[in-house]
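Let's take a walk through a protein model together. Keep the picture open and follow along as you read.

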Amino acid sequence: MEPNFNIDRPKVSDEEINRHKDFDKLVKQFKEKSLKQAQGDESWWKNKKVQYSTVITGVTVICTITYFSLFKNQSKQKNTHETLITNAAPDKKNKKPFINAPSQKLRVPYSAYKINNANGGSITHPSSSKISIPKNSFVDKQGKDVIGDVTIEYREFHDIGDIVASGIPMAYDSAGTHYNLESAGMFDIKGSQNGEPVFIKPEKNIQVQLASSNDDNRFNQYYLDTVAGNWQYLQRDDAKPIFTNTTKAPTLPPKHEDLSKSSPKLLALKNVVEVIIPKRIDSVTTLYTKKAAQLPKAKEPLKPAQPSKGRPTFRLDGSYNEFPELAAFDNVIFEVGPENTNYTQEMHEITWSDVKVTQGPVKGKNYVLNLTYRNRSEKLVVYPVLSGADFAKAQSSYENKFGEYQELVEKRKASEQRLMAEMQAKQDAYLAEQKKKREQYETEKAQLFAKYDVERQNQIAGSFKTMSNSNRAISLFNVSRFGIFNSDCPHKTPEGNSVNPIFVLDNKDNFISPDFIYLVEHNTKSVYTLSAQDAFKINYRPGNDYTICVFKQNKLYLCSKTDFQQAVASGTNKFKVKSLAGESENLVDFKKALEI
């Protein structure tokens, strides 16, 4: 039989408590029950090492410890306070943070306020929440009064979207039963001076009047002990309805991409990074390529060759003005190349009416001899050759010219390397400037977006002013220490059906291995953090509405209410998710996607 969780149980009178304070009777009943159970266990009697006296002694120790623990708690605080141990206790082995926000893009920003410690003061948050701070409320880590201004950082969480974005665990165990907390409003408050934390003086309390959208009388107040990893019960939350005139909902600031387009400073920096500097780099490349092309080019001299044995040759009379490399050789003759398949000995016997020499297939090495006689024309690939004294003379001239040619080649090479070094130096300077400007652009953009996120979140919080009178309330918290406070109602963990989900992107075989999974139960407004140790097992109540939030490498994917219902109705463990990426991955659009 499952235990009932009765948060409205009547107070127990002191007379009834005293009537049941019979410790001797408790010990006697415990001994009799333990001994009876042990007698029925044959394996217990067979174990010679276990003695009855040991059992009795152990029972007495256990009961004594239990009694004094209970007595200590009662003497420490008259009212019964529940301590709620969260499932997400600090993971010392893996060193995961206790509060682990799944995405920085969805992070709920703090609002910062200045308060002079000597004067105290009052803060009104855009949500209509108020923080009242008495005079001289803060001390430093040595316990000394803080002198001067204290920075109060404050943020609120009002719905399931805020809770998912916060990474704050909402689960706890009580007497072996798993529960999850439904929040009617949660806030995080901290104080500092010059970057050093300050503390609330023991005899002082800060009063926080938390504006809430829920005035139901079923919530308790809790404090999150992040060191012990547990929620601590404070008291019943007696939320008071408030009545104000409704106003038109505020117009939210533009999205990130619109901010980038509307900021003259960002646009100017982006233009420098993406347009101006790349053009400068291109112009440097063009300039030095042109300079390199204008360097004097050395022309390699034609190396003389001797006739091949058995190959036919031609001797031509005429001018070699078009081929000065040939004019450098006296008595040049042409050797018919072996690639000519049309050559016949008959060609030597014809007196050709027109003979022309044109550039051959291999420039500087061979030529094409164009022969014409009446209607007949022939083309022969020929090679210039020399023989005897002519070859020796040409070889000597070639060697001298080749030496000059090599000197010119080395000189050009050195000039090209110098130009390349100059070009690279200028390009590196532009690239360094581009990197600096890009970093400046990213910094300016991040600062602009951060300011935008605070303004956007504050205006979202300001939408509380537009809620109807019946749905607005104030919860009064007396804060004696900084941290996270919550107005919560516990719900038992769903036990209807269960499934180990597989997440598929857009109905394709593109599976996602999650880093974080949050199951949102819309009916109870609860957020369940699923653990990889349990293979992200999902327990759900048939008929209720659920959304699954999947985070992978800081990217968000959603399985909508409709897709969740379709998956469980078909009996599959494959859940279709859609990406909520890019500029749309912000807290406002995230809440729209959650359909809240």
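Which residue is the bridge partner of Ser122 in β4? The partner is Ser132. Before going on, keep in mind that this is a predicted model. Ser122 and Ser132 belong to a neat starting point: strand β3 (residues 121–124) and β4 pair in the antiparallel sense, with 4 bridges. The two strands make a hairpin that has 5 residues between them, and in its turn you'll find Ser128 with a positive phi of about 90°.

Now look at β4 (residues 130–133) by itself. One face, with Ile131 and Ile133, is covered, while Lys130 and Ser132 are on the uncovered one. This fits a basic rule: in a regular strand, side chains alternate between the two faces of the sheet. β4 also has another partner, strand β11 (residues 206–212), and these two pair in the antiparallel sense over 3 bridges. Find Ile131 again and you'll see Val208 of β11 standing opposite.

Next, let's head inside. The largest nonpolar core has 30 residues, and those with the most contacts inside it are Val164, Ile168, Met186, Trp231, Cys549, Leu556 and Phe590. Several elements each supply at least two residues of this core, including β8 (177–193), β28 (546–552) and α11 (587–594). The helix α5 (160–166) gives the most, with 4 residues. Try zooming in on Phe590: leaving aside residues up to four places away in sequence, it touches Leu106, Gly161, Val164, Cys549, Leu556, Leu558 and Leu580. Apart from this core lies another one, of 22 residues, with Ile131, Ile152, Ile206 and Phe482 among them. So our friend Ile131 from β4 turns up here too.

Aromatic rings come next. A pair of them is described by the distance of the centres and the angle of the planes. The structure holds 15 aromatic pairs. In one of them, Phe138 and Phe482 are stacked, at 6.0 Å centre to centre with 15° between the planes. This pair links distant parts of the chain: Phe138 is in strand β5 (residues 138–139) and Phe482 in the loop between β20 (473–479) and β21 (483–492), 344 residues apart. Both Phe138 and Phe482 are buried. For another arrangement, look at Tyr222 and Tyr233: their ring centres are 5.8 Å apart and their planes are at 70°, so the pair is edge-to-face. Tyr222 is buried, with a relative accessible area of 0%, and Tyr233 counts as buried at 13% relative accessibility. Ring pairs also link Tyr154, Phe187, Tyr223, Phe477 and Phe485 into a cluster.

Now for a helix, α7 (residues 264–293). At 1.5 Å a residue, its 30 residues should span 44 Å, and the end C-alpha atoms are 42 Å apart, which agrees. There is also a kink of about 40° in α7, centred on Val272. Val272 is buried, and so are other residues of α7, including Leu266, Ile277 and Tyr288.

Let's finish with a sheet. Strands of a sheet pair through backbone hydrogen bonds, either parallel or antiparallel. Here, 5 strands form an open sheet in the order β15-β16-β19-β18-β17, with antiparallel pairing. At the edges are β15 (313–314) and β17 (354–359), each pairing on one side only. Between β15 and β16 (residues 333–336) there are 2 bridges, and Thr313 has Glu335 in β16 as its bridge partner.

Terms used
Residues are numbered from 1 along each chain as its sequence is written. This is a predicted model: local features need pLDDT of at least 70, side-chain atom pairs count only at pLDDT 80 or more; totals for chains, interfaces and linings use all residues. Side-chain values use heavy atoms; hydrogens and water are left out. A nonpolar core is a set of buried Ala, Val, Leu, Ile, Met, Phe, Trp, Tyr and Cys residues joined through side-chain atoms within 4.5 Å. Buried means under 20% relative accessible area, exposed over 50%, partly exposed in between (1.4 Å probe, protein chains only). Contact means heavy atoms within 4.5 Å. The expected span of a helix is 1.5 Å times one less than its number of residues. The bend at a residue is the angle between axes fitted to the seven residues ending there and the seven starting there. Two strands pair if DSSP finds at least two bridges between them. Rings of Phe, Tyr and Trp (its six-membered ring) pair if their centres lie within 6.5 Å; planes under 30 degrees apart count as stacked, over 60 as edge-to-face and the rest as tilted.
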